[in-house]
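Welcome, and please open your viewer. We will go from stop to stop, selecting a few residues at a time and looking at what is there.

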Amino acid sequence: MSDSATVADHNPALQHHFADMEQQQQAATMGMWVFLITEIMFFGGMFLAYMVYRYMYYAAFVAGSQAMDFWYGTINTIVLICSSLTMALAVRASQVGQRKALVALLIVTMLFGCAFMGIKAIEYTGHWRDHQFPGASFHFEGPDPQHIEIFFSLYWAMTGFHALHMLIGIVVVGFITFYAWRGRYGPDYHNPVENVGLYWHFVDIVWIYLYPLLYLISHKHTG
Amino acid sequence: MAAIPLPGAEHENYLNKEYGIRSWLLTTDHKRIALLYLLSITFFFFIGGFFALLIRLELLTPAGDLVQADTYNKLFTMHGQVMVFFFLIPAVPAVLGNFLIPIMIGAKDLAFPRINLLSWYIFIIGGCFMLYTILTGGADTGWTFYTPLSTSFLDTHVVAAAVAIFIAGFSSILTGLNFIVTVHRMRAPGMTWSRLPLFVWANYATSIIQVLGTPVLAITLALVALERLFHFGIFDPQKGGDPLLFQHLFWFYSHPAVYIMILPGMGVVSEIVACFSRKRVFGYKFMALAVIAIAVFGFLVWAHHMFVAGISLYAALVFSLLSYLVAVPSAIKVFNWTATMYKGSISYTTPMLYAFGFIGLFTMGGLTGLFLAALGLDVHVTDTYFVIAHFHYIMVGGMVMAYIGGLHFWWPKISGRMYPESWGRLAALTIFIGFNLTFFPQFILGYLGMPRRYWQYSPEYQVLNVLSTAGSTILAVGYVLPMVYFLWSMRYGKVADENPWGAAGLEWMTASPPPTFNFDETPEVTWEAYNYGEAKEVPVER
Amino acid sequence: MFANLPLWPDRASNMAGNVDALFIFLLILCGLMCVAIFIMILVFAAKYRRRKGVEAEQIEGSTALELTWSGVPLLIFMGIFAWGAIIYFQERTPPQDSAEIYTVAKQWMWKFQHMEGQREINELHVPVGRDVKMIMTSQDVIHSFYVPAFRIKQDVLPGRYTVAWFRATKAGTYHLFCAEYCGTSHSGMIGSVVVMEPALYEQWLSGGPAAPLPQAGKQLFMSLGCSTCHRLDTQGRGPNLANLYNHPVLLEDGRTIIADDNYIGESILNPAAKLVSGFKPIMPTFQGIISEEQLNALVAYIKSLSQPTEGEAGSRNTPAASPSGQPQTMQVQ
């Protein structure tokens with residue numbers, strides 16, 4: 001701790017092993033970006049499987065996509081885009097030190113996140129009721145139910161892992177909101193808010209890809 | 001050197017600063033976490049080794065007589081999974097890398113000390129799942145989890161094993177992430193990229209692979225688990241799924257994983273060869289470039305595990321060609337180590353013996369890789385004991401040699417004590433002999449056509465199998481020896497001063513064992529790496 | 001002693017010599033490399049051992065040397081690559097007039113169906129000197145067809161056909177192994193390949209009672225009712241199958257593919273997957289209804305419908321492999 005004492009106005013948030021706030025902030029940001037790269041690779045595996053099977057069983061994918069509820073998907077997309085906006089505004093509020101605005105915006109972001117999860121839950125229940133969950137009880141009236149089951153396997157896996165990320169996001173934003181309410185973040189120290197923001201935007205972007213891939217497959221091709 | 005503690009006088013260091021179980025389990029000190037890893041992976045090493053011995057004993061006779069077929073299948077599965085995911089991958093990075101990287105670059109700790117501790121706990125949780133799998137009867141998928149065997153045809157603890165590896169993977173990702181950020185952001189003043197020790201370069205390249213590759217394995221195993229639990233059909237040919245897609249995804253991680261295992265070992269050997277030849281590493285820039293090249297090309301060769309799996313002819317051609325490209329930087333490394341010794345001043349200490357062993361065995365492992373990358377020849381030798389011998393030469397002959405050599409080299413720094421030198425040399429020799437006797441006959445077995453994962457085999461293969469089993473018992477003795485005398489030396493070993501080898505590098509400029517924050521003053525680096533030619537004593541600039 | 005310690009595997013196929021030649025070349029090359037490096041290490045270790053008063057001589061490195069020992073190995077590697085690729089190309093390209101043997105692998109046995117109608121389990125009889133093409137599929141998990149004496153190996157996958165071929169050159173009995181781990185009795189999934197002189201082989205063949213495979217397929221084709229829609233004279237409700245094999249097919253989704261073994265097999269098990277343009281998805285699936293062996297018979301029959309009638313000469317020879325000389329393995333995508 002000897003050298004941190006030499007820094008005249010040293011920030012209480014500065015950890016002992018960093019020389020200064022700038023180094024700490026750069027390290028945190030970089031760490032978050034590296035983490036997001038791992039996340040891209042994680043989802044990438046599923047996107048690859050999606051691409052392969054969509055190429056192999058295009059007609060089945062069209063049929064599966066038409067069984068999706070267009071409006072649930074679209075409304076959820078809008079909800080998430082709005083949550084990204086409030087998240088971006090929250091990051092800005094933390095940078096300029098508006099504590100109340102920060103807390104409010106984070107809460108709104110969480111509410112949007114919960115709305116997304118709620119709609120998703122309704123949608124999942126519908127699919128479950130309609131035997132659109134892969135396995136023994138899977139049932140689909142169509143020309144190629146077997147490969148439509150693969151579509152639904154991918155649908156559940158991709159949206160399921162996305163929903164898990166949303167859930168983690170909501171919980172983390174919850175923690176951040178608590179600390180923001182306690183006044184921990186300000187112009188000098190707002191790393192955690194920025195990093196959670198990055199994570200939140202990443203999860204949104206995954207959805208921005210999932211939405212057209214799962215809900216909006218064109219069927220002109222076959223016509 | 002100014003900071004040498006008086007003999008016998010205990011300076012405050014990371015080991016004696018605090019005592020008690022809490023001070024270890026809640027530590028954020030990278031050195032203590034390294035020791036936690038050391039204990040954990042040693043435990044798993046001996047579990048995996050025990051399985052290996054049972055495998056070799058079963059193969060002593062052609063008939064399957066020691067254990068049942070199912071038991072044998074579980075033994076090689078658990079041997080592979082434990083050794084790969086719970087020993088080899090964390091070995092050098094999580095133990096030696098964790099301990100040394102911050103010190104080598106002049107930092108007080110890794111960038112994210114708490115995440116470092118978290119990654120150890122994640123590793124332990126994964127390890128508990130692995131132990132649960134083992135104790136409740138194990139899985140028998142082979143470490144490769146090939147579908148649809150793993151998803152639809154076995155009723156063993158496949159999900160538990162997959163979960164164990166899934167969790168341990170996140171520990172690996174977090175370690176890699178921590179190293180990348182640390183190397184980028186935490187270097188001491190003057191420690192430029194071109195002054196980094198090659199050990200740091202090697203671990204940096206490894207971290208890139210860990211961060212990019214491991215998540216792909218994680219999602220692949222997650223999908224396998226979903227197939228087993230909920231009958232998803234993504235890899236199930238009965239439902240139109242493609243088992244080759246599984247293989248592509250699996251090897252996309254698991255081939256680069258080979259480089260996760262070998263690159264840090266290369267880093268260790270560079271340090272040892274330079275120190276005991278008292279020379280700057282020959283062609284430093286090419287050595288650094290080579291590890292990065294291996295990390296990058298390593299991602300482009302995965303399908304060379306699938307030449308007979310049913311991929312298209314042209315895909316096979318491309319992957320074979322790329323596999324030869326990745327062989328070039330490996331060759332560069334061997335030539336450079338050899339050239340480093342030229343006109344050196346070489347001493348035959350234990351770490352140097354391990355480095356000799358590494359270069360020799362890695363050369364053989366690497367050259368037999370050329371056989372396997374040759375398409376027409378691979379058709380004959382893939383999935384035989386030739387492959388087993390090849391990758392054990394790389395992973396055991398290469399990586400484990402480097403790891404144990406590295407432990408000897410930095411033991412004075414880690415423990416503050418010297419290990420007994422003559423016992424060290426004896427163990428190194430035992431391991432070298434035992435290793436070759438175990439694995440060399442397997443090359444011949446492979447070319448004769450004995451397939452891998454065979455519980456019983458045709459009688460004409462017996463003589464070579466007996467040789468191999470005999471070798472494995474020698475190898476086992478060789479591995480137990482260091483554990484015994486390392487433990488002994490912690491109490492009775494000669495006290496080490498801060499630089500017992502006269503080595504270059506920042507880690508040798510602080511006390512042994514180092515203080516909690518590694519340096520009393522943050523060092524400022526004004527010299528190149530491996531400055532053995534300059535003044536023996538390199539003062540720490542203030 | 002040497003009965004128990006063979007140092008070289010039998011060499012009993014046209015491929016074995018080529019593979020061995022490359023292997024021996026690599027042994028010599030890599031052996032020399034190894035010896036050179038070991039000698040250098042030993043010589044340096046001895047010559048430059050630490051002595052009092054002798055300092056190491058610092059050498060920075062040498063770009064010229066680095067480029068040499070990157071470039072020269074690279075060139076050698078490219079040579080090995082080319083050699084290996086040529087052999088592989090040969091291994092994956094069955095000659096056009098190979099005799100075909102359908103193979104079904106299952107936990108834990110090998111089942112073979114000769115075109116002439118003979119069926120065998122875990123034992124495969126082939127004559128010396130004839131090109132034999134194995135058309136293989138699996139009933140459950142992935143297996144691998146491996147005959148060390150022939151130096152060939154090919155994974156056998158469920159739900160698709162893979163192909164391997166060889167020409168046996170020496171009479172004898174050789175190991176057949178499953179080389180891809182396939183569960184409990186993986187090491188028991190072994191058999192033997194019996195290579196016979198042609199005359200003896202003819203004798204062996206004539207001992208069999210069964211009808212030729214395409215004919216068995218024809219009977220199935222009738223009894224399963226396939227012939228009601230797939231008529232051979234006119235276009236029925238299903239596509240006409242005459243002259244289908246190895247010809248391009250326009251699919252409903254606009255793609256064009258070549259009708260190979262895999263396509264025909266898939267269309268029987270999963271008719272909707274690749275619908276022919278202009279037809280409705282009315283055909284029921286036969287997955288779970290017919291066994292892999294029956295599927296093979298059907299495929300063999302449908303292929304026989306494309307047999308060129310003018311070529312009477314090669315009476316023994318069954319339908320030709322792809323005329324383009326392309327290897328006939330699966331379409332991954």
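## First stop: a sheet in chain C

Select strand S2 (residues 109-114) of chain C together with S3(C): the two pair in the antiparallel sense over three bridges. Strands here are DSSP runs of E with at least two residues, helices are runs of H or I with at least four, and both are numbered from the N terminus. Two strands count as paired if DSSP finds at least two bridges between them. Now click on C:Lys111, whose bridge partner in S3(C) is C:Ile121.

This is a predicted model, in which local features need pLDDT of at least 70, side-chain atom pairs count only at pLDDT 80 or more, and totals for chains, interfaces and linings use all residues. Residues are numbered from 1 along each chain as its sequence is written, chains are lettered from A and ligands numbered from 1 in the order in which they are written, and side-chain values use heavy atoms, with hydrogens and water left out.

Widen the selection to the open sheet of five strands, ordered S3-S2-S1-S5-S8 in chain C, with mixed pairing. Which strands are at the edges? They are strand S3 (119-121) and strand S8 (162-167) of chain C, each pairing on one side only. On average, neighbouring strands of this sheet are turned by 25 degrees against each other, direction ignored.

Next, add helix H7 (residues 292-304) of chain C, which lies across strand S1 (99-106), S2, S3 and strand S5 (131-138) and runs at about 160 degrees to S1(C). Such angles run from 0 to 180 degrees between N-to-C directions, with axes fitted to C-alpha atoms, for helices over the stretch in contact; contact means heavy atoms within 4.5 Å.

Zoom in on the loop between S1 and S2 of chain C, where C:Trp108 sits. The peptide bond from C:Gln107 to C:Trp108 is cis, with omega near -5 degrees.

## Second stop: another sheet in chain C

Five strands form an open sheet in the order S4-S10-S9-S6-S7 of chain C, again with mixed pairing. Strand S4 (123-127) and strand S7 (152-156) stand at the edges with a single partner strand each, so one side of each has no neighbour in the sheet. The twist averages 20 degrees from one strand to the next.

Within this sheet, pick strand S9 (residues 172-178) and strand S10 (residues 191-196) of chain C, an antiparallel pair with five bridges. C:Thr173 stands opposite C:Val194 in S10(C).

## Third stop: helices in chain B

Move to helix H13 (residues 385-415) and helix H14 (residues 421-448) of chain B, which pack at an angle of about 170 degrees with their axes 7 Å apart. They are therefore roughly antiparallel to each other, a term for angles over 145 degrees. Residues making the contact include B:Tyr393 and B:Val396 of H13(B) and B:Phe435 and B:Phe439 of H14(B).

Just before leaving, select B:Asp383 in the loop between helix H12 (375-381) and H13 of chain B. B:Asp383 has a positive phi of about 60 degrees although it is not a glycine.

## Last stop: a proline in chain B

Finish at B:Pro513, in the segment after helix H15 (462-492) of chain B. A cis peptide bond joins B:Ser512 and B:Pro513, with omega at about -10 degrees. Most peptide bonds are trans.

Technical notes: Parallel < 35°, antiparallel > 145°, perpendicular 65-115°, else oblique.
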